[in-house]
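Q: Please pick one part of this model and look at it closely. I would like to know how it is joined to the rest of the chain.

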Amino acid sequence: STQSRSSAASDVYKRQISTSVRTLRSPALCAGVILSSLALGGCWSEARDCNVEGDCFLGEVCVTGQCIFVQETAPRVCEEDRPLECDRACVDVQTDRAHCGACGVACAATEYCAEGECAPAAGCAVPIARARLATQPDADLAGGEVGVEPLSTVQLDSTASFSDGGDIASQSWTLISKPKNSSARLTPNGETATPRLNLDVAGTYVFELEVTDASGKASCQPSRVYLEATPPRGIYAEMTWSTAGDSDLSDSRGADVDLHYLHPRATWNREPWDIFWFNPQADWGDDGDPAILVVDDDGVGPEAVYHPDPAPLSYRVGVHYYADNGFGPSLASARIFFNGVNSLDLEDRELTRTGSFWFVGAIEPATGRVVISDELLEDFPD
């Protein structure tokens, strides 16, 4: 069947599909696991058989007849604010209580790390920022850098903060930075001890925590937690958009933009080979078939497709302006990740009207090569 753009009945059906697919996950996913940088392989899809290295994808090696994902052994690229790698995480040894001054040098439970040296907490309230998946309330909390997958809901935690001046009386969480196209926000707010956040797109989310104790002592320095939302092994495509004519993104009306993920033998906007809101779960005959993980029909996105175990073919990604709903042009952004690495990143492509189609590009998993098209058309290609 073919998606209709014009009928009111189709729009109603789309909203029903949208509501049910927002929490859809591919059966191959290991949902509810906090992933460290060492654990991105093996959880999300089954190993493939191989005879020689050429049977495997980029980032894999052939070991005893199976393709093994080894990208996690690659060196980390650390940024200026966390320049040193310790235990496969980027850290700031000037302030990190677990790596104070050097990797592996941990401060005592009653100390904090100041300028690379452990110091007693006298005169200071000491904030300790930690996090875990909201779906795992009994899991251990982690500080510093915490690896998760996109679309996870994370619970922050300040309850380990302490002071020699009494109990912690108040706390303040601040979202210092997030990916450009993220609409994430803390709920219910940043003044609670354990707020939550949905990591709507891939990238780094940085939170800073400050606390004050019952005697009025404040933090001598803040504590930070870095949430690294990294897509898993396989192909992960995500799309967001913004619409200048929509002044209220909190209501139930907005421009409607769709992400499409196409098998090489397919025709755009047709089942079963185009994965989009109308055909959210592929049935291509493989256990690792792609699925659309989230759709949004009234705002800014994201929409995301995950293909855990792609064949060595060429898969295409496109974006369709399903309906402007009277709000005018929208700016769409699209990213494609392969084995957790951002392989394509195109921002702010103007979709001028309902029916516009943006052919983003294609990815070849056998080599990891991405072909960028970045072509705007009046409608779906034939």
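**One strand and its setting**

A: Glu347 is partly exposed, with a relative accessible area of 40%. The model is a predicted one, and everything below should be read on that basis.

The side chain of Glu347 forms a salt bridge with that of Lys180, with an N to O distance of 2.8 Å. Glu347 belongs to strand β23, while Lys180 sits in the loop between β12 (168-177) and β13 (196-198), so the contact joins parts of the chain that are 167 residues apart. Lys180 counts as exposed because its relative accessibility is 55%. In general, side chains of opposite charge can pair when their charged atoms come close.

Strand β23 is part of an open sheet of 5 strands, in the order β19-β20-β16-β22-β23, with antiparallel pairing. Its edges are β19 (291-294) and β23 (341-351), each of which pairs on one side only. From one strand to the next, the twist averages 20 degrees. At the β19 edge, the neighbour is β20 (residues 303-307), and the two are held in the antiparallel sense over 3 bridges. Within that pairing, Ile292 stands opposite Val305 of β20.

Strand β23 also contributes to the protein interior. The largest nonpolar core has 33 residues, and Tyr261, Val319, Trp358 and Val360 have the most contacts inside it. At least two residues of this core come from each of β16 (235-242), β17 (256-262), β21 (315-323), β22 (330-338), β23 and β24 (357-364). The most come from β21, which gives 6 residues. Val319 shows how these elements meet: its contacts beyond four places in sequence include Met239, Val257, Leu259, Ala332, Leu351, Trp358 and Val360. Of these, Leu351 is the end residue of β23. Apart from this core lies another, of 21 residues, including Ala125, Val154, Leu156 and Val211. As a rule, in soluble globular proteins, nonpolar side chains tend to be buried together.

The bridge made by Glu347 can be set beside others, since a search of the whole structure finds 11 salt bridges. In one of them, Asp157 pairs with Arg130, the closest N and O atoms being 3.7 Å apart. Asp157 is in strand β10 (residues 153-157) and Arg130 in strand β8 (residues 130-133), so this pair ties together parts 27 residues apart in sequence. Asp157 is buried at 4% relative accessibility, whereas Arg130, at 23%, is partly exposed. Another salt bridge joins Arg369 and Glu364 at 2.9 Å, N to O.

Terms used. Residues numbered from 1 in each chain as written. Predicted model: local features only at pLDDT ≥ 70, side-chain atom pairs only at ≥ 80, totals over all residues. Heavy atoms only, no water. Pairing = 2+ DSSP bridges. Helix = DSSP H or I, 4+ residues; strand = E, 2+ residues; numbered from the N terminus. Axes fitted to C-alpha atoms, helices over the stretch in contact; angles between N-to-C directions. Core = buried A, V, L, I, M, F, W, Y, C linked by side-chain atoms within 4.5 Å. Buried < 20%, exposed > 50% of the residue type's maximum accessible area, 1.4 Å probe, protein only. Contact = heavy atoms within 4.5 Å. Salt bridge = Lys/Arg side-chain N within 4 Å of Asp/Glu carboxyl O.
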